[in-house]
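Please open the model in your viewer and keep the sequence panel beside it, since the tour moves from one selection to the next.

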Amino acid sequence: MMNEQGRILERLLSGDFICQISDEDAWRFLKTGGNADKIEIQLNMLNRTLASAAEGDVFFAAYQSLGDPERKVLSTQFQEISSHLVPLVEWLLLVQQASGTDVPVTQGSPIRLTELQSTIEDTPAFAEQLAKISHYKLFGSTSVSTDGQIKQVFKRLTDLGYMLRPNQDKQIFIATGKVEHLYEVIKFIDETESLSLAEQADNAVQQGSLI
Amino acid sequence: MNQNMHQAGVKLLNALSRHADLIMQVYLSGVLDESKFSPKVIDSLIKQGILWRPEADAELRLKNAVRQLLEGSLQDERSRQIDANIGSALAGLKTLAQHYKEALQHQRFAESQAHLSDLSEHVYRLTETLSNNVRLLFSRINNEFGYVSSIDAKIRENQLAQSQVSELLGQLEMFQFDELSQIAASHRELRHLLIVTLQHSFSRATQELSIVQAQLLSLLGRFRELRGRTRLLKGFLLHMEQSPDFVPVNYCGLSQVPMLFNQAHSIIKPAVADVKRVEHELELQKLVSAIRTLNRPQKPYQSERAAHEIVVEQQSAVEFKEDKLKQAVEAYFCQIIDSGERLTALEYYQQHQLDFEPEAWLYQVIGGYQGLTLEEQSYFALETNGQNHPVYTGNFVITDVELGLR
């Protein structure tokens, strides 16, 4: 039988993100002192290392040393991530606006699909936005109905690991730590390219040109 | 006087209960909709000091005292007032304590009792205000300022609450217990009220306020982070709108790849079943029995099994070559028709020297006759010659048949 450590190792090696939402046991295990080191030793044998993002909210496996083949993998991965950014950000903002609480989606935010859907259906601007988002290549919806679009978007998000559906009978989704990772990525790009995104948004709000 | 007070108070409370609907409507909506209630009722409520008109052309509102009563009893989170005027309350306490001591010194016991009860009332009111204020702050923290929707408003509310907390803490510093203990001196009641009760509530309030302060700070931090995220997202979209061809540099080409983008790809693939493991046998068997795939081997092309074109045409009638016996019977029938005379089968048999078994011949004649259609049968008559079986009755042994035309 496999112990907890083996189970976590397997998850990490299959490229999963471990956070409090997706696998609380594993997350707590990694948070407990000394356990992370044991996993690290085993990962090192396979040229992997335990990496964490969002102030230790998310754990994943990273390469320990980078040769050419690893760099190639990372490059394609990066291109994928950067092409996903716009659809994901638009979706995050749509959920935030439609939920009416002005609180951005973060790890652990529950999203009730039926409530969200009815708000979007009642507001033509949201419905239009959803149609735009769902037709991005990332989500790849071909549906013309709001129902089909939103279901496809959430299905894709669950596949990609951004959302979790704890109960298959209920249309309730919970955002995972991967969302936090996404914020970190945007933050990183913002800082590295010195885009000063927050200032841009502030200026736009003052000019009244944004939403 | 006391009786009058009692009556007036009861009258006021009755008015409150009689017009409870009206009062609650004003409490919830803020102002009175005068068209909904009779002017007489409104007038009487104004006279009793429950409603008032702040300005000549303003609408009627609830008096603050009534509003506070409701807010306090209903623990309504809308009430955001923090009464921080502890200094004046303390000054009042000190004065009352002096009155009490003076009355005791002059041995006016009735008066001193009145002062003491007044004093206890004030002390308890002060402690209640303190605990109420703390409760108010906590309830606002607990629902994260749920009464305002936008993050910016929450941040402002949080800042207001923080200033109220520091105000309260500043006021609490005015409690000087050495002074109070001097005033109380050796009077037991005074010591109990001024020192024990007040100190108890003081220490609890300061303790809870420090927790409140910490929580408010962490909430503020969270709100700011949320606001920062929203800005980040909006700013990103704005940036992408303004420069649609923006692509971040591929950080994986850097000599030091940031950990954020260093995600190892999946290397674990499902394991393969090991059929030689005895302990897995049961499981594997279950799996195998659950397999529903039909496994048809691919056969080579078989020309004879391939589809052929089917030609539909009139089938030629099948004719069997009749054997000689049947032909002989037909010839026998024809001779009867030609001659029109009766002739037994055996006579015909001898005339034509047929080489069949005589018994078979007889059977064939009978069969030939019965093989005819009913219409044809009716032209012929077949008579059987023979005798009954000598031993077994009911059995007729045919020795010959005779055929003729009817």
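Throughout this tour, two residues are taken to be in contact if their C-beta atoms, placed from the backbone, lie within 7 Å. The model is a predicted one, and the predictor gives the complex an ipTM of 0.84 together with a pTM of 0.62.

**Stop 1: Ala98(A)**

Begin by selecting Ala98(A), which you will find in helix α4 of chain A. Which residues is Ala98(A) in contact with, leaving aside its neighbours within four places in sequence? With those neighbours set aside, the contacts of Ala98(A) are Leu116(A), Thr119(A), Ile120(A) and Phe126(A). Is Ala98(A) buried or exposed? The cut-off for a buried residue is 20 or more other C-beta atoms within 10 Å of its own, and Ala98(A) is buried because 21 other C-beta atoms lie within 10 Å. If you now add Gln117(A) to the selection, a C-alpha to C-alpha distance will read 9.0 Å from Ala98(A), although the two are 19 residues apart in sequence.

**Stop 2: chain A as a whole, and Asn47(A)**

Widen the selection to chain A, whose secondary structure comes to 9 helices and 6 strands. Of the 211 residues in chain A, 34% are buried, and of its contacts with a separation of 6 or more, 47% are between residues 24 or more positions apart.

Then narrow the view to Asn47(A), which sits in the loop between α3 (35–44) and β2 (48–53) of chain A. Asn47(A) is not a glycine, yet its phi is positive, at about 55 degrees. Asn47(A) counts as partly exposed because it has 15 C-beta neighbours inside 10 Å.

**Stop 3: where the chains meet**

Show both chains and colour the residues of the contact between them, which draws 48 residues from chain A and 34 residues from chain B. On the side of chain B that touches chain A, the largest share, 14 residues, is supplied by helix α9 (residues 188–242) of chain B. Sorted by class, this side of chain B holds 20 nonpolar, 11 polar and 3 charged residues.

Next, select helix α4 (residues 68–99) of chain A along with α9(B), and look at how the two pack: the angle is about 130 degrees, and the axes are 10 Å apart. With that angle, α4(A) is oblique to α9(B), and α4(A) passes α9(B) in a left-handed crossing. To display the residues that make this contact, pick Val86(A), Val89(A), Glu90(A), Leu92(A), Leu93(A) and Gln96(A) on α4(A), and Thr230(B), Leu233(B), Lys234(B), Phe236(B), Leu237(B) and Met240(B) on α9(B). Divided by class, the residues of this contact of α4(A) with α9(B) are 8 nonpolar, 2 polar and 2 charged.

**Stop 4: α9(B) within its own chain**

Keep α9(B) selected and add α6(B): this pair packs at an angle of about 10 degrees, with axes 10 Å apart, and α6(B) and α9(B) are therefore roughly parallel to each other. Among the residues that make the contact are Leu116(B), Val123(B), Leu130(B) and Phe138(B) of α6(B), and Leu193(B), Ala205(B), Val212(B) and Leu219(B) of α9(B). The residues of the contact of α6(B) with α9(B) divide into 15 nonpolar, 6 polar and 2 charged.

Now exchange α6(B) for helix α7 (residues 151–172) of chain B, which packs against α9(B) at an angle of about 160 degrees, with the axes of the two helices 9 Å apart. That angle makes α7(B) roughly antiparallel to α9(B), and the crossing in which α7(B) passes α9(B) is left-handed. By class, the contact of α7(B) with α9(B) has 16 nonpolar, 5 polar and 4 charged residues.

**Stop 5: Gln107(B), and chain B as a whole**

Move to Gln107(B), in the loop between α5 (86–105) and α6 (109–142) of chain B. Its phi is near 60 degrees, a positive value in a residue other than glycine. Gln107(B) is exposed, as 8 other C-beta atoms lie within 10 Å.

Finally, select the whole of chain B, where there are 14 helices and 5 strands. Buried residues make up 18% of its 406 residues, and residues 24 or more positions apart account for 60% of the contacts in chain B with a separation of 6 or more. If you colour chain B by pLDDT, bear in mind that its mean is 82 and that 95% of its residues reach 70 or more. Where pLDDT is low, the predicted coordinates should not be read in detail.

Key. Residues numbered from 1 in each chain as written. Chains lettered and ligands numbered in written order. Predicted model: local features only at pLDDT ≥ 70, side-chain atom pairs only at ≥ 80, totals over all residues. Helix = DSSP H or I, 4+ residues; strand = E, 2+ residues; numbered from the N terminus. Nonpolar A, V, L, I, M, F, W, Y, C, P; charged D, E, K, R; others polar. Axes fitted to C-alpha atoms, helices over the stretch in contact; angles between N-to-C directions. Parallel < 35°, antiparallel > 145°, perpendicular 65-115°, else oblique. Left-handed = near helix turned anticlockwise from the far one by under 90°. pLDDT = per-residue confidence, 0-100. Buried ≥ 20, exposed ≤ 12 C-beta atoms within 10 Å, placed from the backbone.
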